[in-house]
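Hello,

Here is the structure for you to look through. My notes on it follow below.

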Amino acid sequence: MQNLKNVARPPSSHKTPPLFVHAEVYRRAAYGQNHPLAIARVETAVDLCAGLGWLKDGFHASPVASREQLTVFHAPDYVEALYQAETTGLTPAAHRRLYNIGTRENPVFPGIFERASTSVGGSVLAANLALEGGIAYHPAGGTHHGQRARASGFCYFNDPVFAILTCLEKGLERIVYVDLDAHHGDGVEDAFFDNERVFTLSVHEAGRWPGTGLLHDRRLGRARNLPVPRHLNDHELDYLMRAAILPLVQAQRPQALVITCGADNLAGDPLSTMALSNGALWQAVTQLAACAPAVVVLGGGGYNPWTLGRAWAGLWAALNGYQVPDLLPPALTDMLKGLTCDLVEADEIRPEWLTTLRDQPNVGPVRAEIRTIAEAVMRKA
Ligand SMILES: [Zn+2]
């Protein structure tokens, strides 16, 4: 594998330097207590980037999507129900059943509507910025399970869908969506499986919730799924990239690419056994980003604030060709020491999660199942 230290900006035809889309709303407490997302996530990445001097240029504030904008994809009654949940703080039993909100999975909390609609506004902005000829990074995006009229898997609205819709509205004919989160990108696949102009591909851990995205499931032919065995290592992702993912993406000759790169595929995440190092994720995303003139890079899941924050900060560095330091400055180590997470025990916190940005590579053999997946997904229908 390449040493990312020596990789400059991705070898692509991007006209403009990468742009970062973010909003301060994500610093507010959300999801209530005892929820896997009630941890410092994207703000950790932002603070690491700021502390390393990587946010001097290209920073854009995310707008809030209007209710009218949201109904371009979501059902008006569902949008209204979520708005009412925020304004009243209540969720009637009928709404819990119908819309799957106000549940343990998708709780109602103060600011829920603003937060969810800001992620949509951010992804629309990121798509518009990328379409000017570059890479737009919106790590607060990636709510890929959201359904048209129903919350699902901690996702209320589906911001990746809106990034793709923005490209469609601009008249693009070939848009590719790649989902590297540990869970199947079901909401995005469902939204576009019958659209000839969109091709979706998801790599996810086999047997995980929501259970969709099986190897031979291509929907009407415009979807591909790579459900990988437990403990996926760096060499296996690299093999899949070269043998299947990059060839499939390049064959589409994408005019725009939307990538969801959840951090729950990294070693140490409590909600999957995928065991990638963050360098493997950075390499995969930079290789993908070189495949299209317009690229939107979104976040996604990730339930370990240390591995997530370091991965998404380093991803911004990789997209820009910035040098990742071997050791973090003491102030950033102190910031990482101050993070908490109920799902990671104190003795599971690895020392390097507090002092470095780059993980040790997780090298290992490429298992036979991995080769089988690549062959199956490349097979002509
Ligand atoms: Zn996930």
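Two strands count as paired if DSSP finds at least two bridges between them. The model is a predicted one, and the notes start from strand S4.

Strand S4 and strand S7 run parallel and are joined by five bridges; within that pairing, Ile-175 has Ala-256 in S7 as its bridge partner. Five bridges also link S4 to strand S5 (residues 198-205), again in parallel, and here Val-178 is partnered by Leu-201. Together, S4, helix H7 (residues 186-192) and S5 form a right-handed β-α-β unit.

Is S4 (residues 175-179) enclosed or open? Five of its five residues are buried, so the rest of the structure largely encloses it. Ile-175, Tyr-177 and Asp-179 are buried on one side, and Val-176 and Val-178 are buried on the other, which leaves both faces covered.

The wider sheet is open and has eight strands, paired in parallel in the order S2-S1-S3-S8-S7-S4-S5-S6. At its edges are S2 (59-61) and S6 (223-228), each of which pairs on one side only. On average, neighbouring strands are turned by 15° against each other, direction ignored.

Further along, S7 (residues 256-260) is joined to S8 (residues 294-298) by five bridges, in parallel. Leu-257 stands opposite Val-295 in S8.

The largest nonpolar core has 111 residues, and Ile-259, Leu-281, Val-296 and Val-297 have the most contacts inside it. Beyond its neighbours within four places in sequence, Ile-259 is in contact with residues including Val-178, Val-285 and Leu-288.

Regards

How values were computed
Residues are numbered from 1 along each chain as its sequence is written. This is a predicted model: local features need pLDDT of at least 70, side-chain atom pairs count only at pLDDT 80 or more; totals for chains, interfaces and linings use all residues. Helices (H or I, at least four residues) and strands (E, at least two) are DSSP runs, numbered from the N terminus. Axes are lines fitted to C-alpha atoms, for helices over the stretch in contact, and angles run from 0 to 180 degrees between N-to-C directions. A nonpolar core is a set of buried Ala, Val, Leu, Ile, Met, Phe, Trp, Tyr and Cys residues joined through C-beta atoms within 7 Å. A residue is buried if 20 or more other C-beta atoms lie within 10 Å of its own, exposed if 12 or fewer, and partly exposed in between; C-beta atoms are placed from the backbone. Two residues are in contact if their C-beta atoms, placed from the backbone, lie within 7 Å. A crossover is right-handed if, with the strands pointing away from the viewer, the path from the first strand over the helix to the second runs clockwise.
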